[in-house]
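The exercises that follow ask you to read a protein model from its coordinates, each with a solution worked out in steps. Please look at the sequence and the structure before you start.

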Amino acid sequence: MILKIHYYGDPLLRRKAQEVKNFDRELKRLVEDMFETMENNEGVGLAAPQVGVSQRVLVIDLKRISGERLVMINPKLQLSGSKESLSEGCLSIPGISGEVVRPVHVRVEGFDADGKKVELEAEGMLARVLQHEVDHLDGIFFVDRMNPVRRALINRKLKRLEKDNISGKLNSEKMKKAEGLF
Ligand code: CO
């Protein structure tokens, strides 16, 4: 089932999401729906708060990398290495993208939908998407990490999004015009 994307300005996206305790059928359904929703919106990553569920669940589309789907529940990140600046976009902030500086290398551990432990190390795009999605679980948007000068340039657009509180009102056609969405 394709779920509604929640947008910047929705207070749920500013909340710290809850740890998952029950690895049950409901969780598996959520994960399936999140993959379907992400693919429908041509995203490469999606966190549960973005579909209105305040739980520590994220999905990432690795199709372009290894043909796999990655799900991480209750993820813990360790950041290391040098930092680099890359452009990010977000399904919850339509029409806005911007450069964000983040560490190049991450180690992540968490669980899959069956409650099995998952550990991996990542660099480049995957490391970037993981950090962006884990931020969503802590109520943080990529725009919060932009340098203040760049941030000032998009502030008016952000304020408008916040004011309009558009959650549930945007259709996916409009979404597809943006790029590199997670
Ligand atoms: Co995002």
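**Exercise 1.** Is Asp-33 buried or exposed?

*Solution.* This is a predicted model, in which local features need pLDDT of at least 70 and side-chain atom pairs count only at pLDDT 80 or more, while totals for chains, interfaces and linings use all residues. Residues are numbered from 1 along each chain as its sequence is written, and side-chain values use heavy atoms, with hydrogens and water left out. Begin with the scale: buried means under 20% relative accessible area, exposed over 50%, and partly exposed in between, for a 1.4 Å probe and protein chains only. Asp-33 has a relative accessible area of 8% and is therefore buried. Next, locate the residue: Asp-33 belongs to helix 1, where helices (H or I, at least four residues) and strands (E, at least two) are DSSP runs, numbered from the N terminus. Finally, consider its surroundings: leaving aside residues up to four places away in sequence, Asp-33 touches Met-1 and Leu-3, contact meaning heavy atoms within 4.5 Å. The C-alpha atoms of Asp-33 and Ile-2 are separated by 6.0 Å, although these residues are 31 residues apart along the chain.

**Exercise 2.** Determine how the strands from strand 2 to strand 5 pair, and give bridge partners.

*Solution.* Two strands pair if DSSP finds at least two bridges between them. Strand 2 and strand 3 run antiparallel and are joined by 5 bridges, with Val-57 having Ile-73 in strand 3 as its bridge partner. Proceeding along the chain, strand 3 (residues 69-89) pairs with strand 4 (residues 97-111) in the antiparallel sense over 13 bridges; here Gln-78 is partnered by Arg-107, and Ser-87 by Glu-99. Strand 4 is joined in turn to strand 5 (residues 117-123) by 7 bridges, again in antiparallel fashion, and the partner of Phe-111 is Lys-117. The last step concerns the connection: strand 4 and strand 5 form a hairpin with 5 residues between them, and in the turn Gly-115 has a positive phi of about 85°.

**Exercise 3.** Compare the span of helix 2 with its expected value, and state how many of its residues are buried.

*Solution.* The expected span of a helix is 1.5 Å times one less than its number of residues. For the 14 residues of helix 2 this should give 20 Å, and the end C-alpha atoms are 21 Å apart, which agrees. As to burial, 12 of the 14 residues are buried, so that the helix is mostly covered. The elements that cover these buried residues include strand 1 (45-47), strand 2 (57-61), strand 3, strand 4 and strand 5. Just after helix 2, Gly-139 takes a positive phi of about 80°.

**Exercise 4.** Analyse the salt bridges of Glu-19 and Asp-135.

*Solution.* A salt bridge is a side-chain nitrogen of Lys or Arg within 4 Å of a carboxyl oxygen of Asp or Glu, and a search of the whole structure finds 15 of them. Glu-19 forms one with Lys-76, the closest N and O atoms being 3.5 Å apart. Because Glu-19 lies in the segment before helix 1 (25-40) and Lys-76 in strand 3, this pair ties together parts that are 57 residues apart in sequence. Glu-19 is partly exposed at 40% relative accessible area, and Lys-76 is partly exposed at 49%. Turning to the second case, Asp-135 forms a salt bridge with Arg-102, with the closest N and O atoms 2.9 Å apart. Asp-135 lies in helix 2 (residues 124-137) and Arg-102 in strand 4, so the pair ties together parts that are 33 residues apart in sequence. Both Asp-135 and Arg-102 are buried. Salt bridges that share partners join Glu-88, Arg-102, Arg-128, Asp-135 and Arg-145 into one network.

**Exercise 5.** Describe helix 3, from its cap to the residue that follows.

*Solution.* Asn-147 caps the N-terminal end of helix 3, a side-chain oxygen lying 2.8 Å from the backbone nitrogen of Val-149. Helix 3 (residues 148-164) has 17 residues and reaches 23 Å from its first C-alpha to its last, close to the 24 Å expected. Ile-154, Leu-158 and Leu-161 are buried in this helix. Just after helix 3, Asn-165 takes a positive phi of about 40°.

Notes
A polar contact is a pair of N or O atoms within 3.5 Å; within protein, one must be able to donate a hydrogen and the other to accept it, and residues adjacent in sequence count only if both atoms are side-chain atoms.
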